[in-house]
Amino acid sequence: MDLIIINLIDGLIYGLLLFMLSSGLTLIFSMMGVLNLSHAAFYMLGAYFAYQISTITGFWVGLIVAPLIVTVLGAGVERYGLRRVHQYGHVPELIFTFGLFFVIEELVQYVWGRNMVPYNSPESLNFIALNLAGGTIPAYKIFMLLVSVAIFVTLYYVLARTRIGMIIQAALSYPKTVEALGHNVPLVFMGVFGVGTGLAGLAGVIAGPSLTTFPGMAFLLGSIVFVCVVVGGLGSLTGAFVASLLIGWLQTFAASYNIGAGDILLAMGYEYPKDVYYHPWRDLWTLTLPQIGPILPYLLLVLVLVFRPHGLFGKRES
Amino acid sequence: MPSQTTSTISFSSLVPWLIAALVLCVMPFIFTGGGSITIMNQIGITIVLAMSYNMLLGQGGMLSFGHAVYMGLGGFVAVHVMNIVENQEIWLPLPLLPLVGGLVGLGFATIIGSFSTRKAGTVFAMISLGIGELIAACCIIITVFFGGEEGISGDRTMAPPTFGVEFITQKEVYFLIAFWVLISTFLMYLFTQTPVGKMANAVRDNPERAEFVGYSMRWVRYVSFCAAGFFAGIAGALFAINFEILTEQNLNLGASFTVLLATYIGGVGFFLGPIVGAILFTLLQTVIGLQTDLWALYTGVVFILMVMFMPAGLTGLFAMHIIPWQLGRIGMLIKPYSKIFIPGTIFIVGAVCLTELINHVRHHGDEEFMTLFWVEFNTRSIVPWGVFIIFTAVGFWFSRALAVEVKEAWGNATFVEGVRR
């Protein structure tokens, strides 16, 4: 039971982290019709910037400054890159962001090297917050949880209750009309792109110490984020939220229960083969749930796309 | 070009193919250097792969982020078949192995395409990404078929000899690859001439009107997708024959990105584009890759710049100059082009040297001396820093100033009364 609670909390933290990325991605998508494939690269940039700042001033300054730098960078990418490519159509836009992902990954390796950097959680949060029989939850994870929830609430409030949020929502569906009403729609686009990437950067800042900061971190999380966005339904913020939590729990639970496929086969009455390592079906016998864990999101993605192509919450025609 | 209704193939339309065959035959005797045949083999494989990719991206308007999967799966099966042949359980001469790979690619494409080609655009791209990730992740955990991290290896020389050839040397393999490159390119060309191939272009440009003509856009996309999978599988089997090993690296997202890169640099709008791209990309990869460990960064930056400023690729850039050529004004462009060439080169050299220098200081800081462009210098002194910064700045400044002139000359050279471009 304790293990379940710990996994629930861990999965929630991971899921909310995914949501910090997938929310920005979804907003950008519903606005520009373009999936920003370089989104996770900004997440990584956030972590690295925060690390660099934290070596000089400590963690807390990095927490504020790094996402701001990423926001400015993201806005710059929209203004000088994406807006230019936009005239050629959607496919070049996708190609552009895809290429940008690889360039940022190479740049990070160029600047900080190929190994992980020692980006750690602050001293003040290095204690154990919850002690359950099955394990412990460090205070930093609670901090991550609080930041994610705060971001989620703020985002919801801004989008649903403020004037800016209303302009953004209107610009999503009727950009021409909003422009005719005197709002600067390209500026709104740039702002949303910047804030979206900034959110990804913030996610990187808080995830860096806990998930380690290394050049592969963007790739590791990035592909999962796309799964969230697509499974939730392209353009649906609710869908992104549900899918993020779902995948967060899916991965956490899969990683912590060591159920082997062999056990299931034994229980089904099959006999254990003698030389399992030379057996043609050896993978069936030796696979364990934590091993399968990483492919579960993709499996979910393919299943959703086959049986419900518009995603869990997406509109029928996209 | 004869119209599609004539059933006989005229001799003149075959001439380019005969020339291509002749060039392919002569190449290994011109470039006899140690590594050149190895590079040519790689180029051949990349050509088939990039051409098959362009059936999707260029001709069908489908952006795939997982094309390496079909090549990889074809290659993995080819290696397994190679091993079965080695155990003499079945009889199959090596030159027919690419057919096996192609059929495997086709098989997987028929399954995956059946649901992924429902939509084009972003949805198709996302499904291809998801499938690619799924299979790449499976690669690590299903060790029987994929061999885990270290992959699966085979031995091509154990196949029954074909006309006495056992494919021991690289040159023998070269002719096998060249044969398949020619065959696949020819078949892919024929595909563009079929009604489905033509409709693929129509579906790319205006799916709605294509439907009105009476074609199902989904069906057209599906057929193109399957054909692309077939040729990707051939490329995979060629890869298996050439390298005798396949790993997860050959079908992951990075591999798919490489295909996209090569195809895009060449130009997706033209049939020859991927060939140009494959040749150039492989040469860059092997030549620059030996010189610097930053080559991936350079290619990435070049790629981004190309997407931004030259979306038609290299062949597109070439084709742009047909108009001033026809107008007889190509001479007007020579002067501004040669003028911008010098500061442009200075800028590129300066920027590259600066990048390399920073990289050296950051990651090999203990070595005091480094060599760039055959010049050895001390990284601790201020001189190289100053020189490179000046090179970069001055080159950039003059290039920008001269770019205006080039633009103006281009406008004059392509100006036609009453036509707006």
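Which domains does the domain assignment give for chain B? There are two entries to look for: domain 1, covering 15-311, and domain 2, covering 321-414. If you take the centre of each over its C-alpha atoms, domain 1 of chain B and domain 2 of chain B lie 34 Å apart. Keep in mind as you look around that this is a predicted model.

Let us ask how confident the predictor is. For the model as a whole, the scores are ipTM 0.84 and pTM 0.86. Chain A has an average pLDDT of 84, with 93% of its residues scoring at least 70. Chain B has a mean pLDDT of 84, and 96% of its residues reach 70 or more. Confidence also varies along each chain. In chain A, the lowest mean among the elements belongs to helix H12 (residues 282-286), at 68, while helix H2 (residues 39-57) has the highest, at 92. In chain B, strand S3 (residues 369-372) is lowest with a mean of 74, and helix H10 (residues 217-243) is highest with 92. Here is a rule worth remembering: where pLDDT is low, the predicted coordinates should not be read in detail.

Now turn to the place where the chains meet. Chain B brings 37 residues to the contact and chain A brings 41 residues. On the side of chain B that touches chain A, the elements giving two or more residues are helices H5 (121-141), H6 (143-146), H11 (253-266), H13 (295-309) and H16 (331-363) of chain B. The biggest giver there is H5(B), with 14 residues. What kinds of residues make up this side of chain B? They divide into 27 nonpolar, eight polar and two charged.

Stay with chain B and find strand S3 again. S3(B) is joined by four bridges to strand S4 (residues 375-378) of chain B, and the two run antiparallel. Across this pairing, B:Leu372 stands opposite B:Val375 in S4(B). The hairpin that S3(B) and S4(B) form has two residues between the strands, and in it B:Phe373 takes a positive phi near 50 degrees. That is worth a second look because most residues other than glycine have a negative phi.

Another such residue in chain B is B:Glu244, which is not a glycine yet has a positive phi of about 60 degrees. You will find B:Glu244 in the loop between H10 and strand S2 (245-246) of chain B. Is B:Glu244 buried, exposed or partly exposed? It counts as partly exposed, because it has 16 C-beta neighbours inside 10 Å.

Step back into helix H10 of chain B and you will meet B:Ala235. B:Ala235 has 35 other C-beta atoms within 10 Å, so it is buried; the cut-off for that is 20 or more. Which residues does B:Ala235 contact, leaving aside its neighbours within four places in sequence? They are B:Ile45, B:Val48, B:Leu49, B:Ser52 and B:Met71. Take B:Ile45 from that list: B:Ala235 and B:Ile45 are 190 residues apart along the chain, yet their C-alpha atoms are separated by 5.4 Å.

Chain A offers a contrasting pair of places. A:Val149 sits in helix H5 (residues 139-161) of chain A. A:Val149 counts as exposed because it has 12 C-beta neighbours inside 10 Å, and exposed here means 12 or fewer. A:Val149 and A:Glu93 are 56 residues apart along the chain, and 32 Å separate their C-alpha atoms.

Finally, follow chain A through helix H9 (residues 217-232). Before it comes the loop between helix H8 (185-211) and H9 of chain A, where A:Thr212 is found. A:Thr212 has a positive phi near 65 degrees, although it is a residue other than glycine. With 15 other C-beta atoms within 10 Å, A:Thr212 is partly exposed. How far apart are the end C-alpha atoms of H9(A)? They are 23 Å apart, which agrees with the 22 Å that its 16 residues should span at 1.5 Å a residue. Of those 16 residues, 14 are buried, so H9(A) is largely enclosed by the rest of the structure. After H9(A) comes A:Gly233, with a positive phi near 105 degrees.

Definitions and conventions:
Residues are numbered from 1 along each chain as its sequence is written. Chains are lettered from A and ligands numbered from 1 in the order in which they are written. This is a predicted model: local features need pLDDT of at least 70, side-chain atom pairs count only at pLDDT 80 or more; totals for chains, interfaces and linings use all residues. pLDDT is the predictor's confidence in each residue, from 0 to 100. Two strands pair if DSSP finds at least two bridges between them. Two residues are in contact if their C-beta atoms, placed from the backbone, lie within 7 Å. Ala, Val, Leu, Ile, Met, Phe, Trp, Tyr, Cys and Pro count as nonpolar, Asp, Glu, Lys and Arg as charged, and the others, Gly among them, as polar. Domain bounds come from an automatic or database domain assignment. The expected span of a helix is 1.5 Å times one less than its number of residues.
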